[in-house]
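Please open the structure in your viewer and keep the selection panel at hand. The stops below are to be taken in order.

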Number of protein chains: 2
Amino acid sequence: MFSETHIIFFTLKTLIDRIRHTITLSPEAERHIYTIAKEQVIPKGEIIISPDKKSRKVYFVMDGCLRSYCIGKDGKEHTLQFAVQNWWIGDFIAVYNNEPHTLTVEAVTKSIVIEFNSKDLDEIFIPFPEFEPFQRKNLELHVVSLHKRILNQLQLTAQERYELFLQQYPDIEQYTPNYHIASYLGITQQSLSRIRAERLKKK
Amino acid sequence: MFSETHIIFFTLKTLIDRIRHTITLSPEAERHIYTIAKEQVIPKGEIIISPDKKSRKVYFVMDGCLRSYCIGKDGKEHTLQFAVQNWWIGDFIAVYNNEPHTLTVEAVTKSIVIEFNSKDLDEIFIPFPEFEPFQRKNLELHVVSLHKRILNQLQLTAQERYELFLQQYPDIEQYTPNYHIASYLGITQQSLSRIRAERLKKK
């Protein structure tokens with residue numbers, strides 16, 4: 001038991017240090033985080049959010065890589081997000097807009113995450129309003145990254161988007177199947193293979 | 001002078017009522033909004049934000065329609081957002097991430113907006129933390145709409161995206177040139193014309 005508690009303490013400490021980087025955290029607020037956070041080790045390939053699950057969870061990634069995606073009418077997967085260390089992942093359409101889940105979240109690799117019930121996070125601001133500026137900054141940066149993604153999708157070629165993707169996730173190709181990456185970039189696997197082949201020729 | 005003040009009062013009242021819908025607003029906070037807000041009538045076609053302008057402004061749309069876009073390396077415009085009544089518009093990449101402006105914002109039609117310096121909005125939360133939950137909800141809904149837009153771009157056909165666009169902005173075609181709409185949907189004007197022609201045939 002001691003060693004498990006110790007691991008959770010160590011993992012959560014990283015998140016708490018991150019929060020402290022933006023806001024001043026009272027000892028009570030810090031203790032509250034420990035009561036609502038749950039460390040989870042997710043095996044590779046495990047699905048932690050899916051359209052048939054009702055519980056609303058949000059995850060902070062400590063280690064590994066997770067992916068959120070939807071399944072189109074044609075049965076194809078479309079990747080909305082990859083989340084690596086220090087990123088949040090969840091079905092934010094469901095959580096923020098109180099809609100049924102439409103996304104699936106799976107562990108691309110074995111991952112260590114901190115799990116929160118979205119209700120606990122939503123209710124944190126009344127007793128601990130000090131979290132507001134932290135969450136505002138998080139959301140602002142989320143909006144920035146989404147605006148950039150949309151603009152890139154509109155104005156860049158598939159090859160340019162692939163280059164940017166590799167800058168953002170330098171070693172992701174080592175552990176992610178091609179169809180994940182293609183479905184994130186909005187291209188076919190054949191196009192991705194062609195882009196890669198042309199890239200290798202230039203090197 | 002009296003009538004102008006009266007119009008500003010009337011316009012701002014709409015925004016303030018909207019804020020009250022989410023949070024309890026103290027008389028001091030309401031008075032503060034009046035000191036930092038500036039009503040502007042923007043003639044059709046006027047550019048209010050551009051990459052060469054340093055001042056960071058954010059606009060709440062009371063009437064009319066505005067558009068934010070970037071210009072690609074090929075000189076083509078790519079529309080990130082249309083903003084109609086009760087929407088906010090600005091270069092949020094610049095505002096939230098403290099980067100130079102990359103977007104242009106122009107009035108698609110004659111528009112009435114409430115203009116804020118983004119610095120004034122950013123500083124509002126220290127004396128008036130009651131605005132935090134209002135802004136958090138705004139940002140959450142912004143994230144939801146951007147996630148939906150990305151997923152639609154990945155999984156829907158151009159025709160399906162066009163249908164959704166018309167549901168979101170029912171009368172926009174009456175006042176927006178084709179190339180604005182095509183550049184928002186990420187398709188050529190020729191494709192847009194083809195989709196429209198096929199749609200008319202089906203009716």
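The tour begins with a whole chain and then turns to one group of strands.

This is a predicted model, in which local features need pLDDT of at least 70, side-chain atom pairs count only at pLDDT 80 or more, and totals for chains, interfaces and linings use all residues. Residues are numbered from 1 along each chain as its sequence is written, while chains are lettered from A and ligands numbered from 1 in the order in which they are written.

**Chain A**

Select chain A, whose secondary structure comprises eight helices and eight strands (DSSP runs, H or I of at least four residues for helices and E of at least two for strands, numbered from the N terminus). Its C-alpha trace spans about 55 × 35 × 35 Å along the principal axes. Of its 203 residues, 28% are buried, that is, 20 or more other C-beta atoms, placed from the backbone, lie within 10 Å of the residue's own.

**Strand β4 of chain B**

Next, select residues 66-71 of chain B, strand β4(B), where five of the six residues are buried.

Add residues 77-83 of chain B: this is β5(B), which pairs with β4(B) in the antiparallel sense over six bridges; pairing requires that DSSP find at least two bridges between the strands. Five residues lie between the strands of this hairpin, and B:Gly75 takes a positive phi near 85° there.

Now add residues 104-107 of chain B, strand β7(B), which is also antiparallel to β4(B), over four bridges.

Finally, centre the view on B:Arg67. Which residues stand opposite B:Arg67? In β5(B) the residue is B:Phe82, and in β7(B) it is B:Glu106.

How values were computed. A residue is buried if 20 or more other C-beta atoms lie within 10 Å of its own, exposed if 12 or fewer, and partly exposed in between; C-beta atoms are placed from the backbone.
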